[in-house]
Amino acid sequence: MPLELIRSNKVNCFITVPSTINRILISKQITKKINLKILICCGEPFYFKILDYILKNLKIKSLFNCYGSTELSPWSHIYEYKKKDYQVIRDNGLVPIGQPYHLIKTLIKNDELLISGPNVVNGYLDNKNNEKFVKISNKKYYKTNDICKVKSKNPFI
């Protein structure tokens, strides 16, 4: 299990998908708090239940949620957890994807998140599924197919 690897290898920075943390939660593997300097969750929705488990069972100095996909090479947004955000995250059920990295532009069109910037790939091989890339105001955007809503200007998207 991941926690034994973290312990035995004295890992201080762990990057994982939230479902790995959920596997740890389900296995009830925690017997004492694990110390990490940095935990980065990425690759899938980061639900409040998992955040709550992390806060109660892991000792972490910095916790991040990074959003992106292969087409975005791979991250485009970052959110750093702050205690003051706990209630808002609990009310919404999800950890936000946060703010875009430098030079990344986002649009929300029909609740779908679209992303533009130098990190977006040119398209797919053999032009398959290239409808996922659209031009808006002369900029190429990748249609993520992710439903997104802005909850407040900073840092929730």
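Where do Lys56 and Asp52 both lie, and how many residues apart are they? I will start with that pair, and then go on to the other salt bridges, the sheet and two loop residues, keeping in mind throughout that what we have on the screen is a predicted model.

Both Lys56 and Asp52 lie in helix α3, 4 residues apart, which is about one turn of the helix. Their side chains meet in a salt bridge, with 2.9 Å from N to O. The two partners differ in how they are placed with respect to the surface, because Lys56 has a relative accessible area of 53% and is therefore exposed, whereas Asp52, with a relative accessible area of 14%, is buried. For the latter assignment, the cut-off that matters is that buried means under 20% relative accessible area.

A search of the whole structure finds 4 salt bridges, and I will go through two others besides the one in helix α3. In one of them, Glu80 is joined to Lys82, and the closest N and O atoms are 3.6 Å apart. Glu80 counts as partly exposed, at 32% relative accessibility, and Lys82 likewise counts as partly exposed, at 38%.

The other one is formed by the side chains of Lys149 and Asp111, at 3.2 Å from N to O. Here Lys149 sits in the segment after β9 and Asp111 in the loop between β6 and β7, so this pair ties together parts of the chain that are 38 residues apart in sequence. As for accessibility, Lys149 counts as partly exposed at 45%, and Asp111 counts as partly exposed at 35%.

Let me now turn to the sheet. The model has an open sheet of 5 strands in the order β1-β2-β3-β4-β5, with mixed pairing. Its edge strands are β1, residues 13-16, and β5, each of which pairs on one side only. Strand β1 runs parallel to strand β2, residues 34-42, and 4 bridges join the two; within this pairing, Cys13 has Ile38 of β2 as its bridge partner.

Two helices that pack on this sheet deserve a word. Helix α2, residues 18-27, packs on the sheet and touches β1 and β2, and its direction makes about 105 degrees with that of β1. Helix α3, residues 48-57, which we met at the start, also packs on the sheet, touching β2 and β3, and its direction makes about 155 degrees with that of β3.

Which loop residues have a positive phi although they are not glycines? One of them is Leu103, with a phi of about 75 degrees, and Leu103 is found in the loop between β5, residues 99-100, and β6, residues 105-109. Leu103 counts as exposed, at 51% relative accessibility, and I would read that label with the cut-off in view, since exposed means over 50%. Another is Ser137, with a phi of about 50 degrees, in the loop between β8, residues 133-136, and β9, residues 139-147. Ser137 is exposed as well, with a relative accessible area of 72%.

Finally, a word on confidence. The chain averages a pLDDT of 89, and 93% of the residues score at least 70. Among the elements of the chain, helix α1, residues 2-8, has the lowest mean pLDDT, at 80, while strand β7, residues 112-116, has the highest, at 95.

How values were computed:
Residues numbered from 1 in each chain as written. Heavy atoms only, no water. pLDDT = per-residue confidence, 0-100. Buried < 20%, exposed > 50% of the residue type's maximum accessible area, 1.4 Å probe, protein only. Pairing = 2+ DSSP bridges. Contact = heavy atoms within 4.5 Å. Axes fitted to C-alpha atoms, helices over the stretch in contact; angles between N-to-C directions.
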